[in-house]
Structures are given as structure tokens and as C-alpha cells.
Amino acid sequence: MSLQQRADQGFRRDFGQPPTIIVRAPGRVNLIGEHTDYNDGFVLPMAIDRAIWIALQPRADGRVVAHALDLDDATTLTLETLENTGEDWAEYLKGVAWSLQEAGYALDGWEGVIIGDVPRGAGLSSSAALELATARAFSLVSGIPWDPAEMAKVCQRAENDWVGVQCGIMDQMIAAAGQPGHALLIDCRSLDTEPVPLPPETAVIVLDTATRRGLVDSIYNERREQCEAAARFFGVPALRDVSAAQFEARAHELDDTLRSRARHVVTENARTLQAAEAMRRGDRREMGRLMSASHASLRDDFAVSSRELDAMAACARRHDACYGARMTGAGFGGCAIALIRADAAQHFSSTVAACYREATGISPNIHVCQAAQGAEVVTAPDIVH
């Protein structure tokens, strides 16, 4: 049974009738450009064919009643009196509602069920998928025009100011604006986007280490503060504004930690632009080389890898069908990704899984992913509001 069917069935069970609206928003994997988004830099993510689905119908009493089927947990929100109580997944719904109201939108309520297959805590941005699906639901029941960039900013503010994770715009932007068959080059300062086709006859493999990290309590925010300190040293708004030549000229004046953090961001921005160009040319090998170089930089300069992520990337690169591999996401656990020959996907997956189990004693989860559409309405009446 598909997730859409399970959402529909769950709604009928909970509310005694079919849903009038079904929306979905995807998770994402970042091909390259890690920890550059909050430095106003460049990222190259793709939306994946794993998503959060919400089946719903409008309510007229200013409340949201939601049942998370995967968690077997329910919440009720009153839109006029939202309160942050730290109740895990429900805070993402509250945060989006709060952020939409702060942006000047009048909201109507809804009731629905939520289900998804984006692994939580794996670095595939299940949180942004939930945020954008929630925003899509509110846009329909409240008559709000759908602008992907605007809704991405609304959802980013929800995560920054309500949930408390100082993420950049990448996750929300790709969840809002992804395109099938393409990654999306995002300028995180201007929010300009450019679809970039995946190299022909390649597959993107998500390599879940089966290790997890919590973003709010991790040193993610510390890394952001370090980047801001380095930008202040160079006298620029963000590290995106520091060229390789400028960095090299003054790097010796920084302490070891800030030098390493800044070097990663400056070189990663350059790699991301080079990767987009390689993809336009269909140059799989150059794209793979850049991905592997990104992993080394994240491991050595930004210090956000882990023993398991390093082992997974190394196992992937040993396979002769692999062009390149790297950790993806904030780090300290979660997933790596590999760009490989598409015809070798099955053999690659089984071989890398065995290699990783031998190296770590952990059984991984490996997924062949396709580039998918961003947040969308799957079914809805012509007039909802």
C-alpha cells in the first residue's frame, strides 16, 4: 500500500470520511555544498522520492487536530494561543503556524493525519519535509497563494525561531522547489535557483549509517558561530564573500580552529559551483571527485564527520562503480551519499552494506533515490476556502 493510500485510509479511520485534501513534501539529499547555506553560499541539493504526506480537511474553529500515524501520537493546536511546549514533532506544526501568522497571514484550521518515509535524524531533512507539507496544508485551507521561496523562508523561520535550530535556507528551499530529474543550485543569499540535470546513467545512493544525532543539542550552532566570527575577521557579511585568494592571504592570522572552519566554507563554495558545471557537462567523474573532496574537507577542516560516516564513504569509494562519496547533512551521524553507475546499483548496495557491517558492526540502510518534485498538492477541490 502506498503512503498516499495509507494516509487516505488513516484519515477515514480517524474522521469517518475521505479527506478533501492530500499534500506531500519531500525529504532531500545534498549532493554537495555542506554548511555553506548559513554562510550565504551555494548548495546543490535534490528532493528525493521519500516524503511526508498529510491527508486533511478544513476546520472552522481555528484549531488544528493532527495524528502522526508513524508515531501513533496526536496533537491539537489552537491557532490563537500557540505555545511552545517542546513536544517534539508537534512543535514543527506550531512553528509553521506561528511563522505564517508572523508574516501576516490569517490562518484557518484543519484536521488530518500525517505519515512519511523520510528517516528521522538521518540527515535527509524530515523536519523541512514536515514544515513544507504543513505550510502547503495551511495555504490551501487558508487561501494563501503558494510561492515556494516565500514559504521556504517562512518555514526556515519556524525552525530557527520556534524549534531553535539555526539552519540555513537550503532544506526548506529544496523541499519547496525541487524538480524531478534535477538537483537545484541554490544561491542562499539571493534565493535564485537553477535546475541542474543529474548526469546521465547515474544513480544517487543514500547510505544511512543507522547512527543518529540531535541537531538542537549538537555543536551545529557552535559551527555557525565560528563561521560568523571568521566572517567578522575578514570584514564581510558572510564567508561567501571571501575568495580563495583573500583567504590564503590572511589565513595565517586566524587561530587554528577558525582557519579550518573558514577554509572549508571557502573551498566548499568553489566546489559546489564547479560541481554544477560538471553536471551540466554530464561529467560524472569530476562530479564524483568533488564529492569526495567535500567529504575530506568536512572531516578534516569542519570536523563534523564520524567514524561511521568515514567508514561508509570509504566503503562506497572502493566499489568500481562509484564516482565519489561523501557525508551529507549536518554531520555526526546520519547518511552518506554516493554517485554511481546506475546499472550497478544493486551490486553496489549489497557490497557496500557488507563492507560497512564488517567495519562497524552496524547494519546500514541503503536507498536508491530519484530526484522528486517539491511540495505539492496531490488532491484538492477547486475551491477549499
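Me: Is Thr272 buried or exposed, and what is its relative accessible area?
Reply: Keep in mind that this is a predicted model. Thr272 sits in helix 8, which covers residues 256-281. Anything under 20% relative accessible area counts as buried, and Thr272 is buried, with a value of 0%.

Me: Which residues is Thr272 in contact with, leaving aside its neighbours within four places in sequence?
Reply: Contact here means heavy atoms within 4.5 Å. With neighbours within four places in sequence left out, the list for Thr272 is Ile32, Gly33, Phe42, Val43, Leu44 and Leu185.

Me: How many aromatic pairs does the structure hold, and what kind do Trp110 and Phe138 form?
Reply: There are five aromatic pairs. For Trp110 and Phe138, the ring centres are 5.8 Å apart and the planes make an angle of 70°. Planes over 60 degrees apart count as edge-to-face, so the Trp110 and Phe138 pair is edge-to-face.

Me: How many residues apart in sequence are the parts tied together by Trp110 and Phe138?
Reply: Trp110 belongs to strand 5 (residues 109-116), while Phe138 belongs to helix 3 (residues 126-142). Both rings are tucked away: Trp110 is buried at 0% relative accessible area, and Phe138 is buried at 1%. Because one ring is in the strand and the other in the helix, the pair ties together parts whose separation in sequence is 28 residues.

Me: What kind of pair do Phe234 and Phe247 form?
Reply: Their centres are 6.4 Å apart, with 40° between the planes. That angle is neither under 30 degrees, which would be stacked, nor over 60, which would be edge-to-face. So the Phe234 and Phe247 pair is tilted.

Me: Which helices does the pair of Phe234 and Phe247 tie together?
Reply: Phe234 is buried at 13% relative accessible area, and Phe247 is buried too, at 3%. The two are 13 residues apart in sequence. Phe234 lies in residues 220-234 and Phe247 in residues 244-250, so the pair ties together helix 6 and helix 7.

Me: Which Arg lies over the face of Phe233?
Reply: Phe233 is in one aromatic cluster with Phe234 and Phe247. At 4.3 Å from the ring centre of Phe233, the residue over its face is Arg250.

Me: What is the bridge partner of Val65 in strand 4?
Reply: Strand 3 (residues 63-68) and strand 4 (residues 73-78) pair in the antiparallel sense, over six bridges. Their hairpin has four residues between the strands, and Asp72 takes a positive phi near 50° there. As for Val65, its partner in strand 4 is Thr76.

Me: Which two cysteines form a disulfide, and is it left-handed or right-handed?
Reply: The count comes to one disulfide, and it joins Cys315 and Cys355, with sulfur atoms 2.1 Å apart. Cys315 is in helix 10 (residues 307-318) and Cys355 in helix 11 (residues 345-360), 40 residues apart. Both of these cysteines are buried. The torsion about the S-S bond of Cys315 and Cys355 is about -75°, so the disulfide is left-handed.

Me: Why is Cys335 not in a disulfide, and how far is its sulfur from the closest cysteine sulfur?
Reply: Cys335 is buried, at 0% relative accessibility. A disulfide needs sulfur atoms within 2.5 Å. The closest cysteine sulfur to Cys335 is in Cys369, and that is too far for a bond because the distance is 8.6 Å.

Definitions and conventions:
Residues are numbered from 1 along each chain as its sequence is written. This is a predicted model: local features need pLDDT of at least 70, side-chain atom pairs count only at pLDDT 80 or more; totals for chains, interfaces and linings use all residues. Side-chain values use heavy atoms; hydrogens and water are left out. Rings of Phe, Tyr and Trp (its six-membered ring) pair if their centres lie within 6.5 Å; planes under 30 degrees apart count as stacked, over 60 as edge-to-face and the rest as tilted. Buried means under 20% relative accessible area, exposed over 50%, partly exposed in between (1.4 Å probe, protein chains only). A charge sits over a ring if NZ of Lys or CZ of Arg is within 6 Å of the ring centre and within 35 degrees of the ring normal. Two strands pair if DSSP finds at least two bridges between them.
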